[in-house]
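Visitor: I've got a structure on my screen and I'd like to walk through its pockets and its ligand. Can you take me round?

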Amino acid sequence: MTAVALAGVSKVYNNTPVVDDLSFSIEPGEIFSLLGPNGAGKSTTIRMALGLTRASDGQIAVAGYDVARQPGQVRRAIGVVLQQVSVDIDLSVWENLEFHGRLHHIPPRERQQRIDRWLEYVELSDRRHDRVKTLSGGMKRRLQIARALLHEPQVLFLDEPTVGLDPQNRRRLWEIIRDLNRQGMTILLTTHYMEEVEFLCDASNTGRPGRIGIMDSGKLVELGTLAEFRRKYGEGLAIKQVGDRLESKFFPTLADANAYLEAVPDKTGLMVRPSNLEDIFVELTGHQLD
Ligand code: ADP
């Protein structure tokens, strides 16, 4: 069964398509990143997949359930971490999880065991009685993850999971996300951080690297693994400083780029290196991500 399937999905706000004819699917165990600049339509896509906002056109299925017609089944099958902190900051860490566990009708003994297990996993056991408002941003995000996992979902949705976190907390969250995927959790995340995608899509539980869907202005402009992108656009890059601009040129391999460097008589301001996700993003969209 496909974990997430979008077919011809669009969303129109004020006569403008902010998501435009999007189609992709995610296999169980896969980690899939939707990458794009602010305003590309990533959050809207996730919100439609969660049933929080209705698609103007197209079909969405999550864990085999139709999002428009079977919202209850979809809700039980998914764990969600959205951008805005959705935990109750006036309740304690434990109370937030207890409340969520009750909402999902998890029996008391089982509920306590799972709360203990996930608090341990996200390293918040010693903060269980503290009010959420006393936690740091990174801790709040880890609590959101524990809560999203409490009812044992099949697919975890993460909307910009590390936005606003310092590098150390970001790294810690990446490790949690990667570990969850290695344990078999299917993950769909949105991000505008290149390094996040490069770290998380390195290897997926399917034994293959995670795929990346590049979004720009509501459209999916490229879909594949980083290795596939690099093969397609070129694994070697020559960059030349021209005034205050950088001009870049792709080559099939790094060796080809080096051969070009050797052959060019004027090597001023010219350098060669392996291509990365950012180079490919710029090549595709004509602009930087941030
Ligand atoms: P991203 O998550 O990639 O930053 P969003 O999905 O949040 O992008 O937004 C895509 C576009 O849709 C933006 O131009 C945004 O202003 C617009 N948009 C999002 N939500 C609404 C809404 N409720 N009403 C009108 N426009 C919206």
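Visitor: How do the residues of the lining of the largest pocket divide into nonpolar, polar and charged?
Guide: Keep in mind that this is a predicted model. The pocket holds about 770 Å³ of space, and 34 residues line it, with Leu50, Leu52, Pro71, Arg75 and Ile78 closest to its centre. Sorted by class, the lining comes to seven charged, 12 polar and 15 nonpolar residues.

Visitor: Which element gives the largest share of the lining of the largest pocket?
Guide: Several elements supply at least two residues each: β4 (57-62), α2 (71-77), β6 (78-81), α3 (93-103) and α5 (137-149). The largest share is five residues, and the element they come from is α2.

Visitor: OK, on to the second largest pocket. Which element gives the most to its lining?
Guide: This one has about 300 Å³ of space, and among the residues lining it are Leu237, Ile239, Arg273 and Gln288. Three elements give two or more residues to that lining: β11 (236-242), β12 (245-251) and α10 (277-285). The top contribution is four residues, and it comes from α10.

Visitor: And how many charged residues does the lining of the second largest pocket have?
Guide: You can spot some by name in the lining, including Glu247, Asp279 and Glu283. Next to four nonpolar and three polar residues, the count of charged ones is five.

Visitor: Now the ligand! Which helix gives the largest share of the shell around it?
Guide: The residues around the ligand include Tyr13, Val18 and Pro37, plus Lys42, Ser43 and Thr44. The largest share of that shell is three residues, and they come from the helix covering residues 42-49, α1.

Visitor: How many residues of that shell are charged?
Guide: Four residues of the shell are nonpolar and five are polar. That leaves the charged class, and its count is one.

Visitor: How far is an oxygen atom of the ligand from a polar backbone atom of glycine 39?
Guide: Let's look at the neighbours too. For alanine 40, a backbone N or O atom lies 3.1 Å from a ligand oxygen, and for glycine 41 a polar backbone atom is 3.0 Å from one. For glycine 39, the value is 2.7 Å.

Visitor: Last one: how much of the ligand's exposed area does the protein bury?
Guide: Start with the ligand taken alone, when it exposes 570 Å². Put the protein back, and the part of that area it buries is 58%.

Definitions and conventions. Residues are numbered from 1 along each chain as its sequence is written. This is a predicted model: local features need pLDDT of at least 70, side-chain atom pairs count only at pLDDT 80 or more; totals for chains, interfaces and linings use all residues. Side-chain values use heavy atoms; hydrogens and water are left out. On a 1 Å grid over the protein atoms alone, a cavity is a set of points where a 1.4 Å probe fits but cannot get out, and a pocket is an open set with protein on both sides within 12 Å along at least five of seven lines; lining residues have an atom within 4 Å of a point. Grid points are joined across faces, edges and corners, and a volume is the space filled by probe spheres set on the points. Ala, Val, Leu, Ile, Met, Phe, Trp, Tyr, Cys and Pro count as nonpolar, Asp, Glu, Lys and Arg as charged, and the others, Gly among them, as polar. A residue is near a molecule or strand if one of its heavy atoms lies within 4 Å of it. A polar contact is a pair of N or O atoms within 3.5 Å; within protein, one must be able to donate a hydrogen and the other to accept it, and residues adjacent in sequence count only if both atoms are side-chain atoms. Accessible areas come from the Shrake-Rupley method with a 1.4 Å probe; for residues, only the protein chains shown count as cover.
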